[in-house]
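Visitor: Pick one part of this model and take me through it closely, please. I'd like to see how that part sits among its surroundings, and I'm happy with a long answer.

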Amino acid sequence: MSEKRVVRTEAAPAPFQGAPYSQAIATGGFLFVSGQLGLKPGDTAISGEIEEQTEQIFANLAAILEEAGSGLDRLVKTTVFLQRLEDFQAMNAVYAKHVGERPPARATVEVAKLPSGALVEIEAIASL
């Protein structure tokens, strides 16, 4: 059985509103990253349009992945939650810049609501 290691960095937001989850868990050669919002570390409010929120999500993901010894180039699966599917193209343009020539597998779903009025949330799995 693989050891479960909690990954935590100050370079990405702490669990939202003190909720009982970890930024990420490393186990079995993979890193499982909790859903990230477009929230800057230390901030309590989400601002900006879909592009800005998606950029911030990738900054948060990159910080967590780096802390664990991985990187955006090692993403193997993501799930994108959009508050409005109409934002898909704008989100996807930012997403494409960050995932490179070998993008991860992905699911994208529209949801009724995200925390604090967020327009997008992305969770990820990466290899270590």
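Guide: One bit of vocabulary before we start: a residue counts as buried under 20% relative accessible area and as exposed over 50%, with partly exposed in between. Keep in mind, too, that this is a predicted model.

Let's take strand E6, residues 120–127. We can come at it from the loop that leads in, between strand E5 (105–110) and E6, which is where Ser-116 sits. Ser-116 has a positive phi, about 55°, although it isn't a glycine. That catches the eye because most residues other than glycine have a negative phi. With a relative accessible area of 41%, Ser-116 falls between the two cut-offs, so it is partly exposed.

Now for the strand proper. Of the 8 residues of E6, 6 are buried, so the strand is largely enclosed by the rest of the structure. The sheet order shows who flanks it: 6 strands make an open sheet, running E1-E2-E3-E6-E4-E5, with mixed pairing. At the edges stand E1 (5–7) and E5, each with a single partner strand, so one side of each has no neighbour in the sheet. From one strand to the next, the twist averages 15°.

Take the E4 side of E6 next. Strand E4 (residues 75–82) runs antiparallel to E6, and 7 bridges join the two. One residue to look for here is Phe-81, whose bridge partner in E6 is Glu-121. Helix H2 (residues 88–99) lies across E4, E5 and E6, at about 160° to E4.

While we're at H2, look at Lys-97: it forms a salt bridge with Glu-55, and the closest N and O atoms are 2.6 Å apart. That pair links distant parts of the chain, since Glu-55 belongs to helix H1 (residues 50–68) and Lys-97 to H2, 42 residues apart. Lys-97 counts as exposed at 58% relative accessibility, while Glu-55 is partly exposed at 28%. The structure holds 3 salt bridges, and another of them brings together the side chains of Arg-84 and Asp-87, at 2.9 Å from N to O. Asp-87 counts as buried at 10% relative accessibility, whereas Arg-84 is partly exposed at 32%.

Back to E6 and its other neighbour, E3. Strand E3 (residues 30–36) is also antiparallel to E6, with 5 bridges between them. Two positions make good landmarks: Phe-32 stands opposite Ile-125, and Val-33 stands opposite Ala-124. E3 has 5 of its 7 residues buried, so it too is largely enclosed by the rest of the structure.

Phe-30, also in E3, counts as partly exposed at 35% relative accessibility. Phe-30, Phe-32 and Val-76 form a nonpolar patch on the surface, and together they have about 240 Å² of accessible area.

One step further along the sheet, strand E2 (residues 24–27) pairs antiparallel with E3 through 4 bridges. Phe-30 turns up again here, as the bridge partner of Thr-27. The hairpin of E2 and E3 has 2 residues between the strands, and Gly-28 takes a positive phi near 60° in it.

So, to come back to where we began: E6 has antiparallel bridges to E3 and to E4, and H2 lies across it along with E4 and E5.

Definitions and conventions: Residues are numbered from 1 along each chain as its sequence is written. This is a predicted model: local features need pLDDT of at least 70, side-chain atom pairs count only at pLDDT 80 or more; totals for chains, interfaces and linings use all residues. Side-chain values use heavy atoms; hydrogens and water are left out. Buried means under 20% relative accessible area, exposed over 50%, partly exposed in between (1.4 Å probe, protein chains only). Two strands pair if DSSP finds at least two bridges between them. Axes are lines fitted to C-alpha atoms, for helices over the stretch in contact, and angles run from 0 to 180 degrees between N-to-C directions. Contact means heavy atoms within 4.5 Å. Patches are made of residues with over 30% relative accessible area and no salt bridge: like charges are joined within 9 Å, nonpolar side chains (Val, Leu, Ile, Met, Phe, Trp, Tyr) within 5 Å. Accessible areas come from the Shrake-Rupley method with a 1.4 Å probe; for residues, only the protein chains shown count as cover. A salt bridge is a side-chain nitrogen of Lys or Arg within 4 Å of a carboxyl oxygen of Asp or Glu.
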